[in-house]
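This report describes local features of a protein chain, mainly its strands and how they pair. Please look at the sequence and model first.

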Amino acid sequence: MAGEGEKIEAKSCFDCVQSIESIYTGGSVAVSEDEQRLFAVCNEDISVVDVGSGRRLASLKGDTEVVTALAVKPDGAHLVAASRSMQVTVWDLATYTAVRTFRPHDAHILAMHVDASSTLVALGFTDGTVRVWDIDRGYCTHNLRGHGGLVTAVRFHPAADGPHLVSAGENGDVRIWNLARSACVAVLRAHDSAVRAIGFDAGGGVLVTGGRDSVVNVWSWARRALERTIPVYEAVEAAGVLRGSALGARVVYTGGARGVLRLWDADSGRELAAQAAELNAQHALADVVYLPRAQRLCAVTSDQNLLFYGARDAQLRRERQIVGYNEEVTALAFAAPGHLAVATNTAQLRVYALDSLDCELAYGHSDIVLALAAHDAGGVVATGAKDGTARVWAVDVRAPPTRRVTCVALAVGHTRAVGAVALAHGSDAPFMVTGSEDRTVKRWDLEPLRAVLADPARAAQLVADAGGPLRLHARFTAAAHERDVNAVRVAPGNQVFATASQDKTAKLWDAATGRALGTLQGHRRGVWAVALSPADRVAATASSDRTLKLWSLADFSCLKTLEGHTSSVLNVEFVSGGTQLLSTGSDGLVKLWSVRDGACVLTLDRHESKVWALAVQRPGEALVATGGADSAICLWRDSTQDQLQRLLRDEAQALAQQQQLDNCLLARDFRAAVALALALDQPHRLRAIFEGALAESRQPGAADSPPTTDAADTAIDSAPPILGSAAIDAAVGALAPDQLERLLKYVRSWNTNGRFARVAQAALHCVLASYPPETILALPAAKDLIAALLPYSERHFSRLDALLTGSFIVDYTLHAMDAVDADMED
């Protein structure tokens, strides 16, 4: 709400300043040698992500088939990727363009690795074949056969006695190939199931393999013999050896079905460390990428998240988390300064740090989170979920990553999914209101959380003292609607709250007693959202009937119906002190409306599907967040003042140029005048310049007129100027391509009017005489311009031919009259 005496300015422009999109949907992940860029499969494309900021740098468009494997050259020049189409594409990482595509085999590729020289790539196929290709020259150097089933992993090893390649299959066999002889020199058999990981220590003397038989085997490379088997009691998806670890010379890391990153001593088989398990997390680890320079491990989870852990000591602290895929974004709320709470089609609450895109996942609900609400003081978020419960979370952005979001209270009482939740404003009388598919609303007393509302950092101590989240008690339960309750909103004064339902109505309630105060009826379909004005007794509703309605809370009558969305309107918010509305719809549009006249002020089109979520950062309303079914979150900044400043600057510049144009005409500086008229986009002024010069050139004694200030006018040419002035001809002949295209568009317009045909044809003549055909045809709009100029030009020349023919009759008549006049004199 605008403060007392604060000037409220209407908004008219928003710029999308940040977009949080899907970057990883499952599959292979790789990191560049300098550890600055991460490459992740995103459906049939590959996302290039900046490791530091978490932002997508580029998207490498695939061949419409899912990417099955990828690897980066150690020199960082190229990325090699294989898809389900059995094609391999080599990408230039400087320009992010494909430089080569080839089909290495008639089978799908499951595993890939590039050697240390960045020359060869090893490919493991589903038919048991391993092939080695020269990346830059594009030919196969080795065709290795021996595996009886799928090849699940490949890895180069620069052995002292020649280049070697290690491959593993689904039957548990590990084969060592001597590439100099193209022969298998050893078969290591100690696994009973598919081997998913191959790794080496820094010197290459130790080979580590991990498989789905829940063991990690440590091999001596020199003796090709098994040294130790480490039972890890989980299916292993990733394993390797740390380099230069403070924990020991040979430390093995593993990740797998239990979803926990662990470190092992390769000599003793003892577990050295394990990450702190994510509370209530149910994911597995699909891969682990080692970053040796930063001594970090990137754990790739089965729910498409990338977790970075410090591997410098036994703590394995999580340093950051990048969410790869948000699924469908259903609700948003600004949880704290610079932090956005997000609900998706998952059971986790997600809290993003907007500057780094580090995301904290809060586990607690057992089913999909459907609704979000943030306390206006920041630091407290309420959620409602499909499991029939509501939870209150404290968000402490200064705490360590694993303790930033803490569940402090649990509300149990609804018999079906909780699809709406709202928090009271301020902390004088804290309460929460929930709405459910069981058609009831409940008010929950938050008095025990007053300390958390004042300082979210106290949440951990409160939960520890209580032995877990507090159980909230409902102050009242009201049978609210005849169908699902879709939305709940508490008025700024906390005296009333409003609900919206699929029964086509919205209702107003007394927040203290739960008594219904009135019903807002008029929509033809279900009502998805309701908002209450911070300034007036006015409510706004959004409905599936494609309309928004404004209601008077004095008599519950409809004041206005706003139409403009082409599909269901899904959300609505008051902004600008209640003088404007923001709405989102199933048409993928975000619209800004004026409350006074009901006009649509602005339409924002960035989403590709339904826009479910809408959140406004308060106070200040500097940022607006939207999210939808396209898995994208867009952050919009109010740029009204910036736009106003730009308009004022443009207006001042236009006035200065206009004055300069007038001065040039007075000084007869036609070259500068033509350039300014084009820059100011003033076709009428430019036509007047051309017409004036042509008229002046036809006046008697024009050749004796005073010389112009431009040297081009004083030049002695064999042909007269086309446009009446050599300076104008020179100016037209020296235009930049964009200026030339603009002039031709003016000529096209002039040419459609017979009154301006002469000046149009003169300008066209000057252009054709000054530029070669190749220059004109290279213009983006050349085809359309020529197609528009030809028919009217033909019409004008036909009219001139008719006039010329008519002039012969005049000549004949004059000659005949001369003869009659001579006879009369005789």
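## Strand pairs and local features

T434 stands opposite K442 in strand β40. Helices (H or I, at least four residues) and strands (E, at least two) are DSSP runs, numbered from the N terminus. Two strands count as paired if DSSP finds at least two bridges between them. The model is predicted, with local features needing pLDDT of at least 70 and side-chain atom pairs counting only at pLDDT 80 or more, whereas totals for chains, interfaces and linings use all residues. Residues are numbered from 1 along each chain as its sequence is written, and side-chain values use heavy atoms, with hydrogens and water left out.

### β39, β40 and β42

The pair T434 and K442 belongs to a ladder of strands around β40. Strand β39 (residues 431-436) is joined to β40 by five bridges and runs antiparallel to β40. The hairpin of these two strands has three residues between them, and R439 there takes a positive phi near 75°. Strand β42 (residues 474-479) is also antiparallel to β40, again with five bridges. In that pairing, T440 has A479 of β42 as its bridge partner. Strand β40 (residues 440-445) is mostly covered, with five of its six residues buried. Buried means under 20% relative accessible area, exposed means over 50%, and partly exposed lies in between (1.4 Å probe, protein chains only).

### β30, β31 and β32

Which residues of β31 are buried on each of its faces? H339, A341 and A343 are buried on one side, and L340, V342 and T344 are buried on the other. This agrees with the count for strand β31 (residues 339-344), in which six of six residues are buried.

Strand β31 pairs with β30 and with β32, as the table sets out together with other strand pairs.

| Strand pair | Sense | Bridges | Opposed residues |
|---|---|---|---|
| β30 (residues 329-336) and β31 | antiparallel | six bridges | A331 and A343 |
| β31 and β32 (residues 349-353) | antiparallel | five bridges | H339 and A353 |
| β11 (residues 120-125) and β12 (residues 129-134) | antiparallel | five bridges | V121 and W133 |

The hairpin of β30 and β31 has two residues between the strands, and G338 takes a positive phi near 75° in this hairpin. The hairpin from β31 to β32 passes through four residues.

### The sheet of β10 to β13

Strands β11 and β12 are part of an open sheet of four strands in the order β10-β11-β12-β13, with antiparallel pairing. Strands β10 (109-114) and β13 (139-145) are at the edges with a single partner strand each, so one side of each has no neighbour in the sheet. On average, neighbouring strands of this sheet are turned by 20° against each other, direction ignored. For such angles, axes are lines fitted to C-alpha atoms, for helices over the stretch in contact, and angles run from 0 to 180 degrees between N-to-C directions.

### Backbone exceptions in loops

Most residues other than glycine have a negative phi, and most peptide bonds are trans. E327, in the loop between β29 (318-323) and β30, has a positive phi near 55°. E327 counts as partly exposed because its relative accessibility is 28%. S576 also has a positive phi, of about 55°, although it is not a glycine. S576 sits in the loop between β51 (569-575) and β52 (580-585), and counts as buried because its relative accessibility is 2%. The peptide bond from R618 to P619 is cis, with omega near 0°. P619 lies in the loop between β55 (611-616) and β56 (623-628).

### Helices α8 and α10

Helix α8 (residues 737-751) has 15 residues and spans 21 Å from its first C-alpha to its last, close to the expected 21 Å. The expected span is 1.5 Å times one less than the number of residues. The buried residues of α8 are L740, E741, L743, L744, Y746, V747, W750 and N751.

L777 is in helix α10 (residues 773-777) and counts as exposed because its relative accessibility is 58%. L777, I786 and L790 make a nonpolar surface patch of about 280 Å². Patches are made of residues with over 30% relative accessible area and no salt bridge, with like charges joined within 9 Å and nonpolar side chains (Val, Leu, Ile, Met, Phe, Trp, Tyr) within 5 Å. A salt bridge is a side-chain nitrogen of Lys or Arg within 4 Å of a carboxyl oxygen of Asp or Glu. Accessible areas come from the Shrake-Rupley method with a 1.4 Å probe, and for residues only the protein chains shown count as cover.
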